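Visitor: I'm new to reading protein structures. Could you walk me through this one, a feature at a time?

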Amino acid sequence: MKAEEIRSMIIEVIHEIVPDEDLSNLKPDIRIRDQIEMDSMDFLDIVMELRKRYGITVPEDDYMELSTLDSSVAYLEPLMKDI
Amino acid sequence: MLAGKSGVGTIQTHYMGEVIAGMCDFDPLRYQRKKELRRGTRAGSIAIYCAHEAVADAELDLDSADKSRIGIYLGITEHGNVETENEIYNIKQYDYNVDVWSHHHNPRTVANSPAGEITLNMGITGPHYTLGGACAAGNLGLIQGLQMLRLDEVDLALAGGVSETPHTFGVFAAFKNEGALASHPDPQKASRPFDRDRNGIVVSEGGCICVLERLSDALKRGARIYGEIVGYSVNSDAFDYILPSPQRQVECMNLALKKAGISVADIDIINAHATATREGDKAECQAIREVFGSNSNTYINNTKSYIGHTMGAAGVLELVGNLPSFEDHIVHQTINLDNLDPECALLNLVINEPRKIDKVDYILNNSFGMLGINSALIVKRFAG
């Protein structure tokens, strides 16, 4: 999966998790949870969706890598290159 | 209800295909955000909807109320079966890998969940909990609310009961294997208490929440008073896991009458618990006959014949369905009663047509549940 596809996938997952939020102005380099109403249980849903959809396990120590859209793409790109 | 129309239909379940059930028809997004629907439970959604409707009907302004003095007390027959079954169904798609078991499972399945969801949605900070009372639970919610008002623990109680039970296949399967699940080619004819051909329970969703206040507070704010709870009782059969005990039901009704300080002749309507099982209906009729004997002032009906068995909501929901009788003196009928079982042939059973009577001052609601829990509640017309 390419970087832009990964970015779209993450936004789609976030939309499912917080369906009331407007994601159209989500800044790629600012912490996602600072821009929309999203708590730690919601965040865990992102981790869960990655596991369910792609079999990717994100260790707890790496959760920080998923804090912004840009950092998420950078972190996931090598893990998803063959997907 | 006076038109005699059933609301029962069918739904699809995991593992059992189509089953007969009564389902709530409402828009949850009227009072909840989409995220709340995703995080919460169906029971929570039903409860939140009922709570908002109750507050609106009572013309309460929650924003100016002391929300720490509002208590939420909801009866439940069971909670957590639905959410647990959903998760097991979910992990089955992943070869039972428990790594995909939802982290939302615990907040969804804790027993206070439906009541707690109301507090989250409405910002109420007083006490909240559910009362597990099998199918007697709806009355327990009201009784608990009343007791907390009397103890001055709260100034207002949102009290009632809720059921999301049709979403758990396990309850249907267990009733079926016990020979107590209703079946009929026409779902609307499936719930048939007191009928010779009754064959079991129609499992239904349901919710009903009442605003309870001390009379002095209700009068002070000029509230519309639907009725006064004047008597109640809860007791136990100490007899069997599922079979009822008519003798303990007799004691339960008598205790409620005693607490209300009235006699059998004062009760105008008995809203029977009867769920359309063979033994259950027979036992309740035996108990009513023993308490009320040949008293001709009392009329008897059954609401489950319309809506099925709304489990944790049943007591309060069926009671509230009868409150309009205080104003119009019309007793709603028991529908689907085509061939009265001689063992259920109670005096003044209101069958298939509504009955206009001279006065309605007191209504008694029976609700009984598994493990032998019995509850009776008496509501009095507010005379001013």
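Guide: Sure! Let's start with a term: two strands count as paired if DSSP finds at least two bridges between them. Keep in mind that this is a predicted model.

Visitor: Okay, so which residue stands opposite Ser163(B) in E7(B)?

Guide: That's Gly206(B). E5(B) and E7(B) run antiparallel, and seven bridges join them.

Visitor: What holds strands together in general?

Guide: Strands of a sheet pair through backbone hydrogen bonds, either parallel or antiparallel. Here you can find both kinds, as the sheet has mixed pairing. On the parallel side, E3(B) pairs with E5(B) over six bridges, and Ile72(B) stands opposite Leu158(B) there. E3(B), residues 70–76, also pairs with E4(B) in the parallel sense, over five bridges. In that pair, Tyr73(B) has Tyr129(B) as its bridge partner.

Visitor: What is the order of the strands in the open sheet of chain B?

Guide: The four strands go E4-E3-E5-E7. E4 (128–132) and E7 (206–212) of chain B each have a single partner strand, so one side of each is left without a neighbour in the sheet. Neighbouring strands are turned by 20 degrees against each other on average, ignoring direction.

Visitor: Does anything pack on that sheet? I mean, which strands does helix H2 of chain B touch?

Guide: H2(B), residues 42–57, touches E3, E5 (156–163) and E7 of chain B, and its direction makes about 35 degrees with that of E7(B). Then there's H5(B), residues 113–122, which lies across E3, E4 and E5 of chain B and runs at about 160 degrees to E4(B).

Visitor: How do I read the side chains along a strand?

Guide: In a regular strand the side chains alternate between the two faces of the sheet. Take E5(B): Leu156(B), Leu158(B), Gly160(B) and Val162(B) point one way, while Ala157(B), Ala159(B), Gly161(B) and Ser163(B) point the other way.

Visitor: Are the residues of E5(B) buried or exposed?

Guide: Eight of the eight are buried, so E5(B) is largely enclosed by the rest of the structure.

Visitor: Now zoom out. What domains is chain B divided into?

Guide: Domain 1 covers 8–220 and domain 2 covers 228–380. In chain B, 45 residues of domain 1 are in contact with 44 residues of domain 2. On the domain 1 side of that contact, H6(B) gives the most, with eight residues. By class, that side has 22 nonpolar, 16 polar and seven charged residues.

Visitor: And how many residues of chain A are in contact with chain B?

Guide: Eight, and they meet eight residues of chain B. The chain A side divides into five nonpolar, no polar and three charged residues.

Definitions and conventions:
Residues numbered from 1 in each chain as written. Chains lettered and ligands numbered in written order. Predicted model: local features only at pLDDT ≥ 70, side-chain atom pairs only at ≥ 80, totals over all residues. Helix = DSSP H or I, 4+ residues; strand = E, 2+ residues; numbered from the N terminus. Axes fitted to C-alpha atoms, helices over the stretch in contact; angles between N-to-C directions. Contact = placed C-beta atoms within 7 Å. Domains from an automatic or database assignment. Nonpolar A, V, L, I, M, F, W, Y, C, P; charged D, E, K, R; others polar. Buried ≥ 20, exposed ≤ 12 C-beta atoms within 10 Å, placed from the backbone.
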